[in-house]
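Student: I am new to this structure and would like to go through it step by step. Could we begin once it is on the screen?

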Amino acid sequence: MNPSSTSLPAPEGRGSVPQAPNLPARFTDTFTSRYVDTGDLRLHAVTGGEGPALLLLAGWPQTWYAWRLLMPALAQDFHVVAVDPRGVGLSDKPQDGYDTGTLARDMVALMASLGHQRFAMVGHDVGMWTGYALAADHPDRLDRLVVAEAAIPGLSPTPPLFGSRDANDRLWHFAFNRLTDVNEQLVSGREHLYFGHQFATKSAKALPDYAVQHYIDTLAADPEALRASFEFYRALDTTIEQNQKRKTRPLSLPVLAIGGAENLGASVGATMKLAADHVESLVLPESGHYPAEETPEAMLSALTAFLAPYRDRSTA
């Protein structure tokens with residue numbers, strides 16, 4: 001472990017474990033918030049459990065909190081690291097570095113600082129983008145990769161401008177989020193309207209009000225948090241260029257691709273089959289875009305089965 005990480009202050013306030021609402025029973029007996037200095041920036045991670053390392057990376061507009069329902073069970077077999085990437089939650093919010101190549105390097109540096117040179121990873125939404133980049137750019141670091149509920153810019157087929165109403169309802173935020181600054185002006189002070197609409201329209205089972213409010217309050221509390229939430233999309237030109245190069249080198253590690261039956265479904269697996277040689281595709285019934293919160297039992301069952309060989313080899 002990086003010695004400098006052990007001397008950092010304990011995270012406090014909104015976004016930290018002590019301030020997170022409605023956590024599972026005894027969650028704080030296992031998990032703690034910590035800052036980790038990667039050398040380039042300070043990241044907030046929630047860590048706990050025993051076993052081989054497992055990195056959990058949520059997507060837009062969520063934080064580590066998206067994994068809370070899965071973390072206690074996963075911690076029985078893994079050392080769980082649920083992280084806020086740059087720009088999110090209590091992590092630093094630099095002006096740039098939101099392309100997936102940089103985000104993947106952040107994750108490698110984070111895990112190395114925690115003493116993990118090799119690990120498994122679960123990435124959802126933008127976390128899926130980063131998971132793909134990490135597997136492609138740092139193949140020696142990942143043992144297994146689980147991805148959920150995203151298309152990957154530069155890899156997935158690009159939808160037409162005048163697509164179906166359903167496609168427009170699911171994807172219109174891509175174009176909006178890439179704008180230079182008018183999106184911040186339009187959303188500032190109306191975070192509940194904009195982000196609340198995203199959660200409401202992309203879930204098959206409504207997320208709890210307290211969870212949605214937690215995510216929105218985190219974004220509304222700091223203008224830099226709102227700006228940074230759009231930077232992942234503003235960096236898409238760079239990410240697309242990177243992915244067009246990555247797809248010439250198919251991934252060789254095992255990949256599990258998870259889609260919600262009421263949102264992206266089998267298209268998640270179809271995307272990863274364009275990028276990897278060994279892909280299992282799973283569609284979760286009654287789930288929309290947020291399977292870790294909508295159908296946590298089914299998500300946990302899928303992760304447990306897929307990660308078992310990694311767990312067993314590491315503990316043998």
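Student: How do the residues of the lining of the largest pocket divide into nonpolar, polar and charged?
Tutor: This is a predicted model, and the answer rests on its coordinates. In the lining of the largest pocket, two residues are charged and eight are polar. The nonpolar class holds 19.

Student: How much space lies in the largest pocket, and which residues are closest to its centre?
Tutor: The largest pocket holds about 810 Å³ of space. Its lining is made up of 29 residues. Closest to the centre are P157, T158, P159, L171 and F174.

Student: Which element gives the largest share of the lining of the largest pocket?
Tutor: Three elements give two or more residues each to this lining: helix 11 (236-246), helix 12 (267-273) and helix 6. The largest share is seven residues, and it comes from helix 6.

Student: How many cavities of 30 Å³ or more are there, and what is the volume of the largest cavity?
Tutor: The count of cavities at or above 30 Å³ is four. For the largest cavity, the volume is about 210 Å³.

Student: Which residues are closest to the centre of the largest cavity?
Tutor: The largest cavity is lined by 23 residues. Strand 4 (79-84), helix 5 (126-137), helix 9 (209-220) and helix 10 (223-234) each give two or more residues to that lining. By class, 13 of the lining residues are nonpolar, nine are polar and one is charged. Closest to the centre are G59, P61, Q62, V88 and F232.

Student: P61 has come up in that lining; is the peptide bond from W60 to P61 cis or trans?
Tutor: P61 sits in the loop between strand 3 (53-57) and helix 3 (71-74). The peptide bond that joins W60 to P61 has omega near -5°. That bond is cis.

Student: Which element gives the most to the lining of the second largest cavity?
Tutor: The second largest cavity holds about 160 Å³ of space. Among its 15 lining residues, D125, L171, F174, L264 and H289 lie nearest the centre. The lining divides into eight nonpolar, three polar and four charged residues. Four residues of the lining come from the element that gives the most, helix 6.

Student: Where is R26, and is it buried or exposed?
Tutor: R26 is in the loop between helix 1 and helix 2, as is N22. Both have a positive phi without being glycine: near 50° for N22 and near 65° for R26. The relative accessible area of R26 is 65%, over the 50% cut-off, so R26 is exposed.

Student: How many residues apart are E293 and R68, and are they buried or exposed?
Tutor: E293 and R68 form a salt bridge, with the closest N and O atoms 2.7 Å apart. E293 is in helix 13 (residues 291-294) and R68 in the loop between strand 3 and helix 3, so the pair links distant parts of the chain, 225 residues apart. The cut-off for buried is under 20%. With relative accessibility of 10% for E293 and 1% for R68, each counts as buried.

Student: Why does the salt bridge of R118 with D143 tie together parts of the chain?
Tutor: The closest N and O atoms of R118 and D143 are 3.8 Å apart. R118 lies in the loop between helix 4 (100-113) and strand 5 (119-124), and D143 lies in strand 6 (residues 142-148). The parts are therefore tied across a sequence separation of 25 residues.

Student: Which residues are linked with E184 in a network of salt bridges?
Tutor: E184 in helix 7 and R234 in helix 10 meet in a salt bridge of 2.7 Å, N to O. The pair therefore ties together parts that are 50 residues apart in sequence. The residues linked with E184 in the network are E224, R227, E231 and R234.

Student: Which residues form the nonpolar patch on the surface with about 230 Å² of accessible area together?
Tutor: One member, L186, is found in helix 7 (residues 182-187). L186 is partly exposed, at 46% relative accessible area. The patch is formed by L179, V182 and L186.

Definitions and conventions: Residues numbered from 1 in each chain as written. Predicted model: local features only at pLDDT ≥ 70, side-chain atom pairs only at ≥ 80, totals over all residues. Heavy atoms only, no water. 1 Å grid on protein atoms, 1.4 Å probe; cavity = no way out; pocket = protein on both sides within 12 Å on 5 of 7 lines; lining within 4 Å. Points joined across faces, edges and corners; volume = space filled by probe spheres on them. Nonpolar A, V, L, I, M, F, W, Y, C, P; charged D, E, K, R; others polar. Patch = residues over 30% accessible without salt bridge, like charges linked within 9 Å, V, L, I, M, F, W, Y side chains within 5 Å. Areas by Shrake-Rupley, 256 points an atom, 1.4 Å probe, with all protein chains shown as cover. Salt bridge = Lys/Arg side-chain N within 4 Å of Asp/Glu carboxyl O. Buried < 20%, exposed > 50% of the residue type's maximum accessible area, 1.4 Å probe, protein only.
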